[in-house]
Amino acid sequence: MRYAVTLERGGDGGYMAWVHELPGCFARAATREEVEAKIAPAIAEFLTWTRGGRAVSPEAVEFTVVEEVEMPMRARDADSDVLLQPDRAPLTRTAWAQTERWLRRSRNDVLRALDAMDDADLEWKPQDCPRSI
């Protein structure tokens, strides 16, 4: 399995690696070397999740860095115009259907986690924050 990855260098010098074919799959690290070491295990973990727990080994995952970008400085009161290469193409019906399946799975995972929590945990609020979980 080979995946296309974009590396994004942040203003703090840290890196993010985005997997084009797997929306929501990424790795973050302080250096390029660290993020490249983390992305194959992140892909394997993501694939294991999307396959309902059928394990995927990080050794079975290959990736190619196809794009490198710098995180732009945001202008005051303005949005960034930077898009990664996969964001420039229109979303296909097949890609949208896959994204919907992943969103449903993710929602179900969150609901299961919330069901497992007791009321005290659900009512906990960080200091100076009006919202609970």
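How much of the accessible surface of the protein belongs to carbon and sulfur atoms? In this predicted model, the accessible surface comes to about 9,800 Å², and 52% of that surface belongs to carbon and sulfur atoms.

**View 1. The whole protein, with its four helices and four strands.** Read from the N terminus on, the elements follow the order β-β-β-α-β-α-α-α. Of the 133 residues in the protein, 25% are buried. Among the contacts that join residues at least 6 apart in sequence, 41% are between residues at least 24 apart.

**View 2. The hairpin formed by strands β1 and β2.** Strand β1, which covers residues 2-9, runs antiparallel to β2, and five bridges join the two strands. One pair to look for is L7 with A17, its bridge partner in β2. Five residues lie between the strands of this hairpin, and in the turn G13 has a positive phi of about 95°.

**View 3. Strand β2 and its cover.** Strand β2 spans residues 15-19 and is mostly covered, since four of its five residues are buried. This strand is joined to β1 by five bridges, and β2 also pairs with β3 over four bridges.

**View 4. The hairpin formed by strands β2 and β3.** Strand β3, made up of residues 26-29, pairs with β2 in the antiparallel sense. Here the residue to find is W18, whose bridge partner in β3 is F26. Six residues separate the two strands of the hairpin, and G24, which lies in the turn, has a positive phi of about 95°.

Definitions and conventions. Residues numbered from 1 in each chain as written. Predicted model: local features only at pLDDT ≥ 70, side-chain atom pairs only at ≥ 80, totals over all residues. Heavy atoms only, no water. Buried < 20%, exposed > 50% of the residue type's maximum accessible area, 1.4 Å probe, protein only. Contact = heavy atoms within 4.5 Å. Areas by Shrake-Rupley, 256 points an atom, 1.4 Å probe, with all protein chains shown as cover. Pairing = 2+ DSSP bridges.
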